[in-house]
Amino acid sequence: MMPLPEFPESYWLATTKSPSYDKLSADLETAFAVIGGGISGITTAYLLAKAGRRVALLTANKLFSGTTGYTTAKITAQHDLIYDEYIQHFGEEKARLHYEANRDGGAFIADIIREHGIDCDYAEEDAYVYAVEEANVAKLRKEAEAYARLGIPGEFVDRIPLPVAAKGAVVMRGQAHFHPLPYLIHLAQEIVRLGGQIFEDTTASKFKEEDGQVRITTADGHEVVCESVAACSHFPFFDNGFYFARLHADSSYVLALKTDFAYPGGMYISADDPKRSIRMVEYGSERLLLIGGESHKTGQGENTILHYEALEDYAAETFGRGEIRYRWSTHDFATLDKLPYIGQATKGSERLFVATGYRKWGMTTGAVAAQLLTDLMLGRDNRYAELYGPSRFGADPGVKTFVQQNADVAYRLVHGKLEWLNMHPDDLGPDQGAAVRIQGHRAGAYRDAEGRLHVVDTTCTHMGCEVAWNEGDRTWDCPCHGSRFDYRGEVLTGPAKKPLKPL
Ligand SMILES: Cc1cc2nc3c(=O)[nH]c(=O)nc-3n(C[C@H](O)[C@H](O)[C@H](O)COP(=O)(O)OP(=O)(O)OC[C@H]3O[C@@H](n4cnc5c(N)ncnc54)[C@H](O)[C@@H]3O)c2cc1C
Ligand code: FES
């Protein structure tokens, strides 16, 4: 394996220079605030600015420092095997609506790229879910039947053009992929050109509704007063609405490999376990194979280096050995019923909106969310409002998943505190980290390559679960709601807003 970068290096971030924006340094009054510098936040702020409204986008860290900067950027309505399941759980009408929303989300991105002439490696390709294990072929056939019922262009095929022993696949025709950052940088520039404002390094920490206005307090103590706010912060930045009990985070890993393999085109994801996601990207004159997979609940992946190694072995066996040029891991949130939460965040507030829970399919869903949030904030109708409304209640499968997720959070909360640790900081070699015991107390220690020891309190500053060391990326990851901290304890991704306490 190549030496580890300090934080996993994303191909997208490594190949793009983003403009930088100042942090908010005074109180601000605006019509609308959007929180979050990923695809959902930037697209929402762009649409509000385009509608002629005063808008301010606030984001913690830099633009794209969340999951959007670490995606694989397939633009597809083929969100794994889901349509047969949606028909069973929600009925044909809602399953079709979900497909149409994401088909239109993809078309929205394509239209903007065309209209603005954005150079972002956009290309159309077919998308496949394939199975190597015979036991999964029946699921593919059922999914193909669901495609036929819902009018989705695609079908079951016996083979795919990759050197894998696939027993079949379900293909969705005419999907696409792109480099998300030039596209979003263009939209960010449009926000400013249309009179909007963007503030980086500005963390929203509190939300209050008062006298028909929203007041957002930032971590630096400034106040943003506005008519309404869209929380596109991945995990909601506010405490209302019990989102901590309704969302769970899943991590996955990606390698970008330079190989001589003659790629036949197409985007692929396997229906088997472990899952594999495969596509090709262009980088200057180079073509890189993106191999993703190895999903697990964030903070519960044991030794995370093993996940990168598993992908490397798989790539070598399947496509021949290649040079790893980039590698990264990131997480996305899933909701209780596998549909995203987009809309009014709680029944009690008409000024607080949210978009989250994209289940690793946020390119099309982020575009859907931006249009839906914009319509709601401007008081316009939108045909997807009811489907994605966060206050929906579905007994199946929501309740079962609710019980499972919260039992897991409760277990992690208690187990982490009681876990007996034998490791001591002296046991750590250079570039090694672990939860250790110091004077009878649990702590997180990382010894850097120069031998310096960095020790933090492992109690997550969000809701108190114990973070776990992620060896593959040198981060502290929280098993409860996916917060990630660097080895010094600084927040990389929320919901935590405060760093881990240095010890
Ligand atoms: C490995 C992997 C591969 C994926 N591949 C695909 C794919 O091929 N196709 C696809 O459609 N989807 C894919 N996804 C999913 C997709 O990348 C995400 O769903 C999407 O990027 C989420 O975008 P977002 O804008 O909602 O969140 P983010 O990009 O996470 O943006 C949230 C922003 O909010 C900011 N923020 C957080 N808290 C605060 C706060 N309190 N105050 C201010 N700002 C705050 C963060 O800094 C960040 O900028 C993948 C996901 C993973 C994990
Ligand atoms: S992210 Fe919620 S407790 Fe850590």
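## Reading a helix pair and a ligand shell

Student: In this predicted model, at what angle do the axes of H2 and helix H6 cross?

Tutor: Two packed helices are described by the angle between their axes and by the distance between those axes. Here the axes of H2 and helix H6 (residues 180-193) cross at roughly 35° and come within 9 Å, and the crossing of the two is left-handed.

Student: Which residues of H2 and H6 make the contact?

Tutor: From H2 the contact takes Ile 39, Ile 42, Thr 43, Ala 45, Tyr 46 and Ala 49, while H6 contributes Leu 184, Leu 187, Ala 188, Glu 190 and Ile 191. Sorted by class, the residues of this contact are 9 nonpolar, 1 polar and 1 charged.

Student: Which helices and strands each supply at least two residues of the shell around ligand 1?

Tutor: Helix H2 (39-50) appears again here, together with strand E13 (247-258), strand E17 (323-335) and helix H8 (362-377); the largest share, 3 residues, comes from E17. Of the 34 residues around ligand 1, those that come nearest are Ser 40, Thr 68, Thr 72, Asp 332 and Met 363. By class, the shell holds 12 nonpolar, 19 polar and 3 charged residues.

Student: Which atoms of Asp 332, Thr 67 and Lys 360 lie at short range from ligand 1?

Tutor: For Asp 332, a polar side-chain atom lies 2.6 Å from an oxygen atom of ligand 1, whereas for Thr 67 a backbone N or O atom lies 2.9 Å from an oxygen atom of the ligand. Lys 360 places a backbone N or O atom 3.1 Å from a nitrogen atom of ligand 1. Of the 1,000 Å² of accessible area that ligand 1 has on its own, the protein covers 96%.

Terms used. Residues are numbered from 1 along each chain as its sequence is written. Chains are lettered from A and ligands numbered from 1 in the order in which they are written. This is a predicted model: local features need pLDDT of at least 70, side-chain atom pairs count only at pLDDT 80 or more; totals for chains, interfaces and linings use all residues. Side-chain values use heavy atoms; hydrogens and water are left out. A residue is near a molecule or strand if one of its heavy atoms lies within 4 Å of it. A polar contact is a pair of N or O atoms within 3.5 Å; within protein, one must be able to donate a hydrogen and the other to accept it, and residues adjacent in sequence count only if both atoms are side-chain atoms. Accessible areas come from the Shrake-Rupley method with a 1.4 Å probe; for residues, only the protein chains shown count as cover. Helices (H or I, at least four residues) and strands (E, at least two) are DSSP runs, numbered from the N terminus. Ala, Val, Leu, Ile, Met, Phe, Trp, Tyr, Cys and Pro count as nonpolar, Asp, Glu, Lys and Arg as charged, and the others, Gly among them, as polar. Axes are lines fitted to C-alpha atoms, for helices over the stretch in contact, and angles run from 0 to 180 degrees between N-to-C directions. A crossing is left-handed if the near helix is turned anticlockwise from the far one by less than a right angle, and right-handed if clockwise. Contact means heavy atoms within 4.5 Å.
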